[in-house]
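Dear colleague,

Please find below the structure that I am handing over to you. My notes on it follow, and I would ask you to read them with the structure open beside you.

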Protein chains: 2
Amino acid sequence: MKQIAMLLYPGFTPLDAIGPYHALSQFPGYEFFFVAQEAGPVSDGSATVIQAQKSISEVNSVDILVVPGGLPAITMARTGDPLIDWISKIHPTTEWTISVCTGALMLGAAGLLKDVPATTHWYSHPELSDYGAIPQDERVVESGKIMTAAGVSAGIDMSLVLAERIFGREFAEKMQLDMEYDPKPPFNAGHPRSAPESVVSDLRSLFDSVLKPNK
Amino acid sequence: MKQIAMLLYPGFTPLDAIGPYHALSQFPGYEFFFVAQEAGPVSDGSATVIQAQKSISEVNSVDILVVPGGLPAITMARTGDPLIDWISKIHPTTEWTISVCTGALMLGAAGLLKDVPATTHWYSHPELSDYGAIPQDERVVESGKIMTAAGVSAGIDMSLVLAERIFGREFAEKMQLDMEYDPKPPFNAGHPRSAPESVVSDLRSLFDSVLKPNK
């Protein structure tokens, strides 16, 4: 049985994790588990607490590594963290190393994105360059065995791309139909290129105030 | 502080819950919690275990009730369950009662959908009529204070519609931008109307075999 490990940490964004989980947890021949600094409950800082089945100390190799984003991913990437070291150690053992949202910055800090085309949440896009990545304004970016997704909900799209790469188009289409992913957002505000200017600037200011950007 | 309760039960579909959670947990002036038969860990039957903060016996009223779907929602609706009785009891106290996917069948079994336009996962659509609902082939259906979403990922769209109803369009657009909900599914297979015929029939057969439909 091959293994898929999704990394959790306090403050992770639940939708970054559970979006791709829907398809990934149905990959035939793969066992899916959550991993964290320590096994046990991991909180998003609000009402969601998910159990990690394993600690990073128990996991030395994995077939698919998934790193979801969250605000702490940005700061862990900037300042270093044992989870970053663990990602560096695990990556050489994977078939696929994938990130959602600001999880890409953790891949970057782990040294995985040097000269690699990648994407992340729109707010953090410029920061990809700090890790030597080549920022791409795309929803899903594939480069060798590394796949990165844009912000939060983009992990759903990525999981379908990955499903196709591994199991072929028909399997991926079944996953899409199973989750009825036939999106009809009520507004056209999902990216700064289409959202009203005031919405973009308000949200950018909010992120600036929380993240005290280092640049 | 107003309260949002999301109901969990063994076998719930995590994306049904966490899709709308992203926006709902950021609703200003609302406290969000998970509720289940008993407080404590609730498993989806695979790798996701989420903590319920409260048991149904502790909750007698709530401002927004959210019922996510899952295979057991179909059988609980068919056969009855204490959770169905709890939904019947709580609904008169809510401002909004909302469901994702087959959660709609639980609302139906609780007697909430008589002559009410509603939607659910495409597979279960015909079963809405068993509860007196008027099935709508729509992604999100609003009828008075009841809002129902189609399958799994439709809960994301619904959360944005609800955000607009309560807080106005600009707030909802900020939520959409925050989660970068700018969907780009790699295939056009998210609904039986667009998916390849073989994909639809294979998945329908799989569901038939699991659900032993009672009709």
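To compare copies, one superposes them by least squares on the C-alpha atoms of residues with pLDDT of at least 70 in both. Please bear in mind that this is a predicted model.

With that procedure, chain B is superposed on chain A by a rotation of 180° with 0.0 Å of shift along its axis, and the RMSD is 0.0 Å. The two copies are therefore related as by a two-fold rotation axis. Which C-alpha of chain B is nearest the axis? It is that of Ile50(B), which lies 2.4 Å from the axis. Both copies use the same surface, since 100% of the contact residues of chain B recur in chain A.

The contact itself draws 56 residues from chain B and 56 residues from chain A. On the side of chain B that touches chain A, the elements that each supply at least two residues include helix H1 (14-24), strand E2 (30-36) and strand E4 (49-52). Helix H5 (154-167), helix H6 (169-178) and helix H7 (197-211) of chain B do so as well. The largest share of this side, seven residues, comes from H6(B). By class, the side of chain B that touches chain A has 32 nonpolar, 13 polar and eleven charged residues.

Finally, I would draw your attention to H1(B). Eleven of the eleven residues of H1(B) are buried, so this helix is largely enclosed by the rest of the structure. Among the buried residues are Pro14(B), Asp16(B), Tyr21(B), His22(B) and Leu24(B).

With kind regards

How values were computed
Residues are numbered from 1 along each chain as its sequence is written. Chains are lettered from A and ligands numbered from 1 in the order in which they are written. This is a predicted model: local features need pLDDT of at least 70, side-chain atom pairs count only at pLDDT 80 or more; totals for chains, interfaces and linings use all residues. Two residues are in contact if their C-beta atoms, placed from the backbone, lie within 7 Å. Helices (H or I, at least four residues) and strands (E, at least two) are DSSP runs, numbered from the N terminus. Ala, Val, Leu, Ile, Met, Phe, Trp, Tyr, Cys and Pro count as nonpolar, Asp, Glu, Lys and Arg as charged, and the others, Gly among them, as polar. A residue is buried if 20 or more other C-beta atoms lie within 10 Å of its own, exposed if 12 or fewer, and partly exposed in between; C-beta atoms are placed from the backbone.
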